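Please read the notes below with the structure open beside you, and check each point against what you see. They are written for someone meeting a structure of this kind early in their studies.

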Amino acid sequence: MTIDVTAPGQRPSAQPEPAPPRIIMCAPDHFEVSYTINPWMRPDEWEARRSELSGAAAAGWSALRRRLQQLGAAVELVAPRSGLPDLVFTANAAVVLDGKALVARFRHPERRPEEPHFRRFFDGLAARGLLDEVHDMPPGVCLEGAGDCVHDAGRGVFFLGHGFRSDREAAAVVADLFGEEVEPLELVDPRFYHMDTALCPLSGGEVLYVPGAFSAEGRGRLRERIGADRLIEVPEADAVRLAANAVNLGRDVVLAEASDDLKAALAERGYSVHEVPIRSFGLSGGSAFCLTLRLDRRSNRRSGRPV
Ligand code: ARG
């Protein structure tokens, strides 16, 4: 039974519903490993196991999408395109914050043709009112989207991994456009060529990280900014399964697979781990976070609360 306690003419003072997380994904219809731009990519192995791996990729991607939707996310889809096998890694499409998108500039010619495709996609989102502004990188500066430029809403900072795909000079571009502090961190291990394979800020202020992926200076900066007690080291066995490449929504952490140690470390801090069968993307050097891009992130200055 519902009792209406609202006086006549008075509106109930309900809190506005928080907007659902909005996530961009791209179906793996044309996903394959046909070139090598990171140490995980082995086209010969892909060729030998093509039908098994592409079937597993399709099923795993659908499971990831379903799980994110079950956790409350709305998913927007980029149209897949033949000849662009890495388009599925939408984390690389742009850096997005406060309704602004900064479209990626890729390092390798293999991925450059993705730029105009993503640009058109973001223009379409702006036309639908889902974005306010769409920007391109200045000439000569590479930045591979949220793959290398990860926002930490609680601390009001972008961490920017540079050295393999993105340029350190991108830090000033990001700081100017978004008005947010940027902490550049040098990446030194080619297996963790995108920073999102080695660092994942969590909603409670903890940060999952792979220490060996960063230079000694970068590790020092991370310890200083985050505090040793809130840095959660990803064990080597998990790091090489790309477990740090996780999607965090509130207290849920979605990833390909985690050891009992990593699960325990997360559970201890109040997080639930959801494993999804996306290992075949590992043969391209990608995992859960790479396959997603958050469209609704707000800085604390804009929202008054962490996202
Ligand atoms: N094969 C892709 C590349 O090397 C994988 C990208 C993974 N994306 C990521 N954000 N880590 O560019």
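1. In this predicted model, strand 10, which covers residues 207–209, runs parallel to strand 11, and three bridges join the two. To find this pairing on the screen, start from V207, which stands opposite L231 in strand 11.

2. These two strands belong to an open sheet of three strands, whose order is 9-10-11 and whose pairing is mixed. At the edges lie strand 9 (199–201) and strand 11 (231–233), each of which pairs on one side only. If direction is ignored, neighbouring strands of this sheet are turned by 20° against each other on average. As background for a first reading, strands of a sheet pair through backbone hydrogen bonds, and they may do so in either a parallel or an antiparallel way.

3. Further along the chain, both kinds of pairing can be followed through strand 13. Strand 12 (residues 247–249) and strand 13 (residues 252–255) are antiparallel and share three bridges, and V247 has V254 in strand 13 as its bridge partner. Together strand 12 and strand 13 make a hairpin with two residues between them, and in its turn G250 has a positive phi of about 60°. Strand 13 also pairs with strand 14 (residues 272–275), here in the parallel sense and over four bridges, with D252 facing its bridge partner S272 in strand 14.

4. Helix 2 deserves a careful look, and its length can be checked by simple arithmetic. At 1.5 Å a residue, the 21 residues of helix 2 (residues 50–70) should span 30 Å, and the C-alpha atoms at its ends are indeed 30 Å apart, so expectation and model agree.

5. Which residues of helix 2 are buried? They are L53, A57, G60, W61, L64 and L68. Seen down the axis of helix 2, the buried residues fall within an arc of 105°, and therefore they line one face of the helix. The general reason that such a pattern can arise is that an α-helix has 3.6 residues a turn, so residues three or four places apart point the same way. On the other side of helix 2, the residues S51, E52, G55, R66 and Q70 are exposed.

6. Finally, consider the surroundings of the ligand. How many residues surround the ligand? There are 16, and the closest of them are F89, G147, H194, G286 and C290. Sorted by class, this shell contains five nonpolar, eight polar and three charged residues.

Key
Residues are numbered from 1 along each chain as its sequence is written. This is a predicted model: local features need pLDDT of at least 70, side-chain atom pairs count only at pLDDT 80 or more; totals for chains, interfaces and linings use all residues. A residue is near a molecule or strand if its C-beta atom, placed from the backbone, lies within 6 Å of it. Ala, Val, Leu, Ile, Met, Phe, Trp, Tyr, Cys and Pro count as nonpolar, Asp, Glu, Lys and Arg as charged, and the others, Gly among them, as polar. Two strands pair if DSSP finds at least two bridges between them. Axes are lines fitted to C-alpha atoms, for helices over the stretch in contact, and angles run from 0 to 180 degrees between N-to-C directions. The expected span of a helix is 1.5 Å times one less than its number of residues. A residue is buried if 20 or more other C-beta atoms lie within 10 Å of its own, exposed if 12 or fewer, and partly exposed in between; C-beta atoms are placed from the backbone. The arc is that of the directions from the helix axis to the C-beta atoms.
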